[in-house]
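Visitor: I would like a close look at one contact between a side chain and a ring, followed by a careful account of what else can be said about the fold.

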Amino acid sequence: RNTPVLIQLIWFYYAFPVLVGIQFSTFGAAALALTLYTAAYSTEIFRAGLQSIERGQWEGAKALGMPPGVMLRRIILPQVFRRMLPALTNRMIELAKVTSLASILTVNELMYQGRLLSSTWYRPVEIFTVVALLLGGHDAAATYLRRQRAAHLERMRSLTRDKREAKGDLHRVLAADYALSHLDADVRWMEDALERVHDLEGDRA
């Protein structure tokens with residue numbers, strides 16, 4: 001994370017093959033450099049997301065006897081994903097931007113095509129404006145999808161909370177009905193007992 005991505009691109013294409021004895025293609029070197037560059041930041045996002053979960057969530061899942069895999073799948077990861085989504089979206093947008101640096105290795109990507117067209121047609125303003133609009137449109141679409149996904153997760157969370165509250169209300173209603181039925185039985189038993197007492201008193205009289 002402490003080295004510029006441009007240096008990493010050049011190093012993996014020119015220096016890394018000297019160490020391993022394997023010559024990468026321009027696309028392979030760019031893919032390897034950008035993958036490691038993005039992974040270095042993404043791991044910190046995952047780590048921060050896991051550490052943001054309250055300790056009580058982990059302990060509560062363990063108290064219910066959940067295995068580690070089930071605990072992660074059903075309790076931890078849904079919360080982690082919702083918290084990591086904005087940071088991961090920004091990371092993907094940043095990755096789309098830095099791919100333009102791969103043009104220095106003659107990787108056949110958007111910026112490289114723009115340079116070829118500019119040198120062929122001598123219309124740099126129009127061509128690079130279109131390139132900028134395409135990259136900006138990609139970033140805007142990613143941001144829009146991220147917001148839609150976040151809104152969907154929030155709706156699902158609200159729906160789950162409403163279902164939980166409705167289930168709790170149903171349990172309370174059933175408990176109250178059960179208590180009333182037992183109360184009615186107790187009242188009938190007391191009425192029968194009073195009638196027997198009155199009958200006994202009448203017999204004695």
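Visitor: Over which ring does the charged end of Arg 91 sit, and how far is it from the centre of that ring?

Guide: The ring is that of Tyr 41, and the charged end of Arg 91 sits over it at 4.3 Å from its centre. The criterion is geometric: NZ of Lys or CZ of Arg has to be within 6 Å of the ring centre and within 35 degrees of the ring normal.

Before going further, note that this is a predicted model, in which local features need pLDDT of at least 70 and side-chain atom pairs count only at pLDDT 80 or more, while totals for chains, interfaces and linings use all residues. Residues are numbered from 1 along each chain as its sequence is written, and side-chain values use heavy atoms, with hydrogens and water left out.

Turning to the contacts between rings, a search of the whole structure finds six aromatic pairs. The rings of Trp 11 and Phe 12 form one of them: their centres are 5.2 Å apart and their planes stand at 90°, so the pair is edge-to-face. Tyr 13 and Tyr 14 also pair edge-to-face, at 4.8 Å centre to centre and with 80° between the planes. Here rings of Phe, Tyr and Trp (its six-membered ring) pair if their centres lie within 6.5 Å, and planes under 30 degrees apart count as stacked, over 60 as edge-to-face and the rest as tilted. Ring pairs also link Trp 11 and Phe 12 with Phe 16 and Phe 24 into a cluster.

These aromatic residues are not alike in accessibility: Phe 12 is buried, with a relative accessible area of 10%, whereas Trp 11 counts as partly exposed at 38% and Tyr 14 as exposed at 53%. Buried means under 20% relative accessible area and exposed over 50%, with partly exposed in between (1.4 Å probe, protein chains only). Of the 205 residues in the chain, 21% are buried.

The framework is helical, with six helices and zero strands in the chain; helices (H or I, at least four residues) and strands (E, at least two) are DSSP runs, numbered from the N terminus. Helix H1 (residues 5-20) and helix H2 (residues 26-51) have axes that come within 9 Å and cross at roughly 135°, which makes H1 oblique to H2. The axes of H2 and H4 also come within 9 Å, but cross at roughly 155°, and H2 and H4 are therefore roughly antiparallel to each other. Helix H3 (residues 55-63) and helix H4 (residues 68-98) have axes that come within 10 Å and cross at roughly 165°; H3 and H4, too, are therefore roughly antiparallel. The axes are lines fitted to C-alpha atoms, for helices over the stretch in contact, and the angles run from 0 to 180 degrees between N-to-C directions. Angles under 35 degrees count as roughly parallel, over 145 as roughly antiparallel, 65 to 115 as roughly perpendicular and the rest as oblique.

The crossing of H1 with H2 is right-handed, as is that of H2 with H4 and that of H3 with H4. A crossing is left-handed if the near helix is turned anticlockwise from the far one by less than a right angle, and right-handed if clockwise.

Further along the chain, Glu 109 is placed in the loop between H4 and H5 and counts as buried at 14% relative accessibility. The C-alpha atoms of Glu 109 and Phe 27 are 9.4 Å apart in space, although 82 residues separate them in sequence. Leu 110 lies in helix H5 and counts as partly exposed at 33%; its C-alpha is 6.9 Å from that of Val 131, 21 residues away in sequence.

Helix H5 (residues 110-121) has twelve residues and reaches 16 Å from its first C-alpha to its last, close to the 16 Å expected at 1.5 Å a residue, where the expected span is 1.5 Å times one less than the number of residues. Tyr 122 follows H5 and lies in the loop between H5 and H6. Most residues other than glycine have a negative phi, yet Tyr 122 has a positive phi of about 55° although it is not a glycine. At 66% relative accessibility, Tyr 122 counts as exposed. Beyond this loop, Glu 126 has its place in helix H6 (residues 124-204) and counts as partly exposed at 38%. The C-alpha atoms of Glu 126 and Gly 114, twelve residues apart along the chain, are separated by 9.9 Å.
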